[in-house]
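This report describes a protein model together with its ligand. Please examine the sequence and the structure shown here before reading on.

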Amino acid sequence: MKKHNFSAGPCILPKEVLKEASQAILNFNNDNLSLIEISHRSKPFMDVMKKAIALVKELLEVPEGYSVLFLQGGASLEFLMVPFNLMKEGGKAAYTNTGAWAKKAITEAKSLGDTVVVGDSSDKNYNYIPKGYEIPNDVDYFHCTSNNTIYGTQMKNFPTAPTLMVCDMSSDIFSRTIEVSKFDLIYAGAQKNMGPAGTTLVIVKDEILGKTGRKIPTMLNYNTHISKGSMFNTPPVFAIYVSMLTLQWLKDFGGVEAIEKTNQEKADLLYSEIDRNPLFEGTANKEDRSNMNVCFLLTDSSKEEMFNKMWQEAGINGLKGHRSVGGYRASLYNALPNESVQILVNIMRKLEQN
Ligand SMILES: *Cc1c(COP(=O)(O)O)cnc(C)c1O
């Protein structure tokens, strides 16, 4: 049975990509060797790495002076690497607290130095994006989360920071156009919109590094990985390869601008049904709604069993909301076809008619 995969992460990847990746597991490059059993320093893999970096640069129009890295440890390790590399000894950082991931990032920063929270939506279970806050002049950097995967909120605008601008874009990178030059460091775990779990994309402005006076452990130092082209140690070859294929798929699709349009259509389709259908309500503040993770509740809990049965029977996967919000979460990442959203909307309508 055909599945409609709304999983929040790891999440849907394009079918073509999965097919090509499974082929490469058996026989990569027609060399009768698997992609995962050859040296990462062999030419076939070096070419994969080169191409993956080139595609990131092309798709996001990364300006000169930035390095593109494929690291390990997930976005969660970036929570620590960022303060290690950017917070001066005895320095200070500013963070927005917009969800569970932001909170974890704050915890790591606090372990290294003075960390101030300048925008905080925890008072309403993170259902909105704080605005109008001031970023102090004396901080070493400002950190925000562009899309709050669990709560379904997304920053539509970014503040102008009087300092370095750092953003966790794990769950909406490559889903919409961004101006990389406005940021000094961007990071994203691959498994939300770029590829399988196992690698983390980091885009960092070279000139901001090496200025903290801090002793940084080798593996946590961005300069280690920049100087070795993300090959200081064995890179996660499979995750990088599949990310490369997904980025190639995105390029063939027409690039970020084209997918942004499709993503908007998918989100509009679902949100308009949530707003129209009296059986459902969205959980996020309307103007802050995420185009990637759509969180909603049933207004009539007596229909829960029936609704769950209906979507499961339709082949829908991964619709259950995160335990901290409850209800439902439909993740509409790049590879999710419009058709899947239409099927969900049809079920919501059918539920109303019953
Ligand atoms: C999933 C997610 C993370 C955590 O990523 P890991 O790769 O599992 O460490 C961090 N930030 C955001 C916004 C996420 O969606």
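## Polar contacts with the ligand

In this predicted model, a backbone N or O atom of Ala75 lies 3.1 Å from an oxygen atom of the ligand. Side chains take part as well: a polar side-chain atom of Gln191 is found 2.9 Å from an oxygen atom of the ligand, and a polar side-chain atom of Asp168 is placed 2.6 Å from a nitrogen atom of the ligand. The ligand, taken alone, exposes 390 Å², and the protein buries 89% of that area.

## The shell around the ligand

The ligand is surrounded by 13 residues, of which Ser76, Thr149, Asp168, Gln191 and Lys192 come nearest. By residue class, the shell consists of 8 polar, 3 nonpolar and 2 charged residues.

Which helix gives the most to this shell? Helix α3, spanning residues 74–86, does so with 4 residues.

## Two domains

The domain assignment divides the protein chain into domain 1, made up of residues 7–12 and 255–353, and domain 2, covering residues 15–252. The centres of domain 1 and domain 2, taken over C-alpha atoms, are separated by 27 Å.

## The interface between the domains

The size of an interface is often given as the accessible area lost when the parts come together. Here, domain 1 and domain 2 bury about 2300 Å² between them, with 52% of it on carbon and sulfur atoms. Of the area that domain 1 buries against domain 2, Val256, Asp288 and Asn334 supply 25%, more than any other three residues. In terms of contacts, 29 residues of domain 1 meet 28 residues of domain 2.

Note on methods
Residues numbered from 1 in each chain as written. Predicted model: local features only at pLDDT ≥ 70, side-chain atom pairs only at ≥ 80, totals over all residues. Heavy atoms only, no water. Near = heavy atom within 4 Å. Polar contact = N/O pair within 3.5 Å; in protein donor to acceptor, adjacent residues only side chain to side chain. Areas by Shrake-Rupley, 256 points an atom, 1.4 Å probe, with all protein chains shown as cover. Helix = DSSP H or I, 4+ residues; strand = E, 2+ residues; numbered from the N terminus. Nonpolar A, V, L, I, M, F, W, Y, C, P; charged D, E, K, R; others polar. Domains from an automatic or database assignment. Contact = heavy atoms within 4.5 Å. Buried area = accessible area lost by both parts, 1.4 Å probe.
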